[in-house]
Amino acid sequence: MKPNPVLKYVCNCFLLTLPILVWNLVLASHLPAPFQPAIFWHDIPPFLALGENISRSSVFLLTLLMPLSVESRTQKTGLVVYVVGTVLYCASWLALLYFPESAWSNSGWGFLAPAYTPALWLTGIGLIGRTFYVNLPYKRWFFISVCMIFLVFHNIHTIMIYHRTH
């Protein structure tokens, strides 16, 4: 029996973003007020909002084009970086959810933690990736660069909100 050719496209690096997406969907409405859309997206310059959303979409699109396999030493290191980054990302949310009035949550580092900790799990995905499904050469620096562009926009956005609300 021949394997289904569509199935090979299902096992891609986008699967690694699903825990993050589910986490965000389930818990975002419970974050403190500055993180709610009415405040977080209010009066954000169009260039910043557009850059953030286009680069975020580009990151997710690229993960869809990257087969998921963890065979090489670099890919195994990437998996460790991804797991550590995901744990730190979730911990940064938990601090804001359960201790919103703490010194940490009200500090710049604490408030911004959900914006900068994705650098780890995204770098992990970049290290796990080795090829694209399409006939383009895979270069880790390219994927990680797109992620960093997203993170620059996202962190500037979050810094603006921090300065407005604290």
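Which side chains meet Arg56 and Glu52 in a salt bridge, and at what N to O distance? In this predicted model, the two partners are each other's, with the side chains of Arg56 and Glu52 meeting at 3.1 Å, N to O. Both residues belong to helix H4, where they lie four residues apart, about one turn of the helix. Their surroundings can be read from their accessibility: Glu52 counts as buried because its relative accessibility is 0%, whereas Arg56, at 23%, counts as partly exposed.

A search of the whole structure finds two salt bridges. The other pair to consider is Arg130 and Glu71, whose side chains meet at 3.5 Å, N to O. Arg130 lies in the loop between H8 and H9 and Glu71 in the loop between H4 and H5, so this salt bridge ties together parts that are 59 residues apart in sequence. Arg130 is partly exposed, with a relative accessible area of 42%, and Glu71 is exposed, with 51%.

The loop that holds Glu71 leads on to helix H5. Helix H5 comprises 26 residues, 73-98, and at 1.5 Å a residue it should span 38 Å; the C-alpha atoms at its ends are 37 Å apart, which agrees with that expectation. Its buried residues include Gln75, Gly78, Tyr82, Gly85 and Thr86, and, further along, Tyr89, Cys90, Trp93 and Leu97. The buried residues of H5 pack against four helices: H2 (18-27), H6 (103-106), H7 (108-116) and H8 (118-128).

H5 also has residues that are not covered. Val87 has its place in this helix and counts as exposed because its relative accessibility is 52%. Together with Val70, Leu79 and Val83, Val87 makes a nonpolar surface patch of about 290 Å².

Helix H8, one of the packing partners of H5, is mostly covered, with eight of its 11 residues buried. Those buried residues are Pro118, Trp121, Leu122, Gly124, Ile125, Gly126, Leu127 and Ile128. They pack against H2, helix H4 (46-64), H5, H7 and helix H9 (140-165).

Which aromatic contacts accompany this packing? The structure holds 12 aromatic pairs. One of them joins Phe35 and Phe40, which are stacked, with 6.2 Å from centre to centre and 20 degrees between the planes. Phe35 and Phe40 are both buried. The rings of Tyr89 and Trp121 are arranged in another way: their centres are 6.1 Å apart and their planes stand at 65 degrees, so this pair is edge-to-face. Because Tyr89 lies in helix H5 and Trp121 in helix H8, the pair ties together parts that are 32 residues apart in sequence. Tyr89 and Trp121 are likewise both buried.

Phe35 and Phe40 also take part in a cluster, in which ring pairs link them with Trp41, Phe111 and Tyr162. Two members of this cluster, Phe40 and Phe111, are in contact with Thr158, as are Leu112 and Ala115, when neighbours of Thr158 within four places in sequence are left aside. Thr158 lies in helix H9 and is buried, with a relative accessible area of 2%.

The region around helix H3 (37-40) offers a local feature of the backbone. Most residues other than glycine have a negative phi. Asp43, although not a glycine, has a positive phi of about 60 degrees. Asp43 lies in the loop between H3 and H4, and it is exposed, with a relative accessible area of 57%. Within H3 itself is Pro37, which counts as exposed because its relative accessibility is 55%. Pro37 and Gly78 are 41 residues apart along the chain, and their C-alpha atoms are separated by 32 Å. Gly78 is one of the buried residues of H5.

Definitions and conventions:
Residues are numbered from 1 along each chain as its sequence is written. This is a predicted model: local features need pLDDT of at least 70, side-chain atom pairs count only at pLDDT 80 or more; totals for chains, interfaces and linings use all residues. Side-chain values use heavy atoms; hydrogens and water are left out. Helices (H or I, at least four residues) and strands (E, at least two) are DSSP runs, numbered from the N terminus. The expected span of a helix is 1.5 Å times one less than its number of residues. Buried means under 20% relative accessible area, exposed over 50%, partly exposed in between (1.4 Å probe, protein chains only). Contact means heavy atoms within 4.5 Å. Patches are made of residues with over 30% relative accessible area and no salt bridge: like charges are joined within 9 Å, nonpolar side chains (Val, Leu, Ile, Met, Phe, Trp, Tyr) within 5 Å. Accessible areas come from the Shrake-Rupley method with a 1.4 Å probe; for residues, only the protein chains shown count as cover. A salt bridge is a side-chain nitrogen of Lys or Arg within 4 Å of a carboxyl oxygen of Asp or Glu. Rings of Phe, Tyr and Trp (its six-membered ring) pair if their centres lie within 6.5 Å; planes under 30 degrees apart count as stacked, over 60 as edge-to-face and the rest as tilted.
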